Amino acid sequence: MFKRNKNQDIVVAPEGSFRDIWRALIKNKRAVIGLIFIVVLVFVAIFADKIAPFGMTEQNLSNALQHPNKTHLLGTDALGRDVLSRILYGARVSVTIGISAVIISLFFGGIFGLLAGYYGGKVDTVIMRFTDVLLSIPSILLAIAIVASFGPSLMNLILAIGIGGIPSYTRIVRSAVMSVREKQFIEAAHAIGLSNTSIMIKHIVPNVLSPVIVQATMGVASAILSAAGLGFIGLGIEASVAEWGTMLSLGREHIRTHTYLTVYPGLAIMLTILAFNLLGDGIRDAIDPKMRD
């Protein structure tokens with residue numbers, strides 16, 4: 001599947017393989033639906049201030065708890081804030097949390113997994129025992145402890161969720177590296193005198209990206225769900241900032257009379273997580289030749 005680039009001492013995927021993966025991906029209707037939804041979500045997150053009909057914190061108590069109408073398409077909350085506008089702004093917060101948390105998890109988990117899988121021995125033992133300690137603590141409880149200790153804020157929420165995701169990436173990368181390091185081209189790289197750093201960066205990393213990409217795609221969905229859960233129990237970000245989990249928490253006080261306050265943020269969370277999972281499944285099937293039609 002992989003070949004050596006003539007101009008560089010690196011193992012790379014042939015040009016056609018990426019086209020094959022893309023073709024397999026776009027043939028998967030569910031993955032395409034997920035991809036389209038994610039593209040729209042990112043677009044909304046970037047341009048929320050231009051798309052939203054009202055400001056995120058704009059409130060009018062005389063319009064409080066209005067059911068959906070022509071002016072406020074999804075109604076208003078107890079402070080007279082437009083629900084649709086806050087959901088659109090909430091997309092920006094959720095996307096930021098999801099992507100940033102995955103970057104943190106992937107960066108540290110990737111480094112730990114790479115070192116553990118490549119060197120083995122005592123390095124592997126130390127890293128994996130540290131990973132086992134993190135795994136012994138449920139990720140949501142670890143996130144609650146971090147946020148409760150340092151206070152609710154966007155940065156603390158990202159760090160809490162990101163740290164909780166490190167063990168899964170460490171294990172995935174370690175497993176992939178251990179299967180690659182025994183290949184003949186790795187032995188050849190050692191034979192010609194390449195340093196361990198060069199071998200890891202140039203030869204191993206490009207060959208372990210497939211499972212990492214799949215995990216990262218689904219990891220964004222998990223991070224968004226964790227953020228919503230923390231926001232629901234009051235450990236998210238400031239209540240004035242639009243975040244879907246916080247909107248759910250505020251809306252439950254009026255769930256019997258104004259169900260739209262919980263239905264619409266809940267739908268936003270559900271559809272976003274579904275879209276990322278559909279895309280992640282599609283990428284997994286496209287990368288694995290055995291899963292292609």
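**Stop 1: Arg181 and Glu182**

Start by selecting Arg181 and Glu182 and showing their side chains: the two meet in a salt bridge, with 3.3 Å from N to O. Arg181 has a relative accessible area of 24% and is therefore partly exposed. Please keep in mind during the tour that this is a predicted model.

**Stop 2: the whole protein**

Now zoom out and switch to a cartoon view. You should be able to find 13 helices and two strands in the protein. The C-alpha trace spans about 75 × 45 × 30 Å along its principal axes. If you colour the 293 residues by burial, 43% of them will come up as buried. How many salt bridges does a search of the whole structure find? The search gives eight, and you have just visited one of them, between Arg181 and Glu182.

**Stop 3: charged neighbours in helix α13**

Next, select residues 260-287, which make up helix α13. Show the side chains of Asp281 and Arg284, and you will see them meet in a salt bridge of 3.6 Å, N to O. Both residues belong to this helix, and they sit three residues apart, about one turn of the helix.

Stay on Arg284, and add Asp285 to your selection. The side chains of Arg284 and Asp285 also meet in a salt bridge, here at 3.3 Å from N to O. Arg284 thus has a salt bridge with Asp281 and another with Asp285.

Are these residues buried or exposed, or something in between? Asp281 has a relative accessible area of 28%, so it counts as partly exposed. Arg284, at 40%, is partly exposed too. Asp285 has a relative accessibility of 16%, and because buried means under 20%, Asp285 counts as buried.

**Stop 4: a salt-bridge network**

Select Arg129, Asp132 and Arg171 together. Which kind of contact links these three residues? They are joined in a network of salt bridges.

**Stop 5: two helices that cross**

Now hide the side chains and select residues 83-119, helix α4, together with residues 166-180, helix α8. Two packed helices are described by the angle between their axes and the distance between the axes. For α4 and α8, the angle is about 40° and the axes are 7 Å apart. An angle of this kind is neither under 35 degrees nor in the range from 65 to 115, so α4 and α8 are oblique to each other. Turn the view until one helix lies in front of the other: the crossing of α4 and α8 is right-handed.

While helix α4 is selected, pick out Gly110, which has its place there. Gly110 is buried, because its relative accessible area is 16%. Try a distance tool from Gly110 to Ala286: the two are 176 residues apart in sequence and 22 Å apart in space, C-alpha to C-alpha.

**Stop 6: a nonpolar patch on the surface**

Switch on the surface and select Val42, Phe43, Ile46, Phe47 and Ile51. These residues form a nonpolar patch, with about 420 Å² of accessible area together. Which helix gives the largest share of the patch? That is helix α2, residues 29-46, with three residues. Ile51 belongs to helix α3, residues 48-51. With a relative accessibility of 36%, Ile51 counts as partly exposed.

**Stop 7: an unusual loop residue to inspect**

Move on to the loop between α3 and α4, and select Leu65. Its phi is near 55°, which is a positive value in a residue other than glycine. Leu65 is partly exposed, with a relative accessible area of 24%.

**Stop 8: two exposed residues**

Finish with two residues that you can find from the outside. Lys122 lies in helix α5, residues 121-135, and counts as exposed at 75% relative accessibility. Draw a distance from Lys122 to Gly109: they are 13 residues apart along the chain, and their C-alpha atoms are separated by 18 Å.

Then select Ser149 in helix α6, residues 139-150. Ser149 counts as exposed, with 58% relative accessibility. From Ser149 to Val133 there are 16 residues in sequence and 19 Å in space, C-alpha to C-alpha.

Note on methods: Residues numbered from 1 in each chain as written. Predicted model: local features only at pLDDT ≥ 70, side-chain atom pairs only at ≥ 80, totals over all residues. Heavy atoms only, no water. Patch = residues over 30% accessible without salt bridge, like charges linked within 9 Å, V, L, I, M, F, W, Y side chains within 5 Å. Areas by Shrake-Rupley, 256 points an atom, 1.4 Å probe, with all protein chains shown as cover. Salt bridge = Lys/Arg side-chain N within 4 Å of Asp/Glu carboxyl O. Helix = DSSP H or I, 4+ residues; strand = E, 2+ residues; numbered from the N terminus. Buried < 20%, exposed > 50% of the residue type's maximum accessible area, 1.4 Å probe, protein only. Axes fitted to C-alpha atoms, helices over the stretch in contact; angles between N-to-C directions. Parallel < 35°, antiparallel > 145°, perpendicular 65-115°, else oblique. Left-handed = near helix turned anticlockwise from the far one by under 90°.
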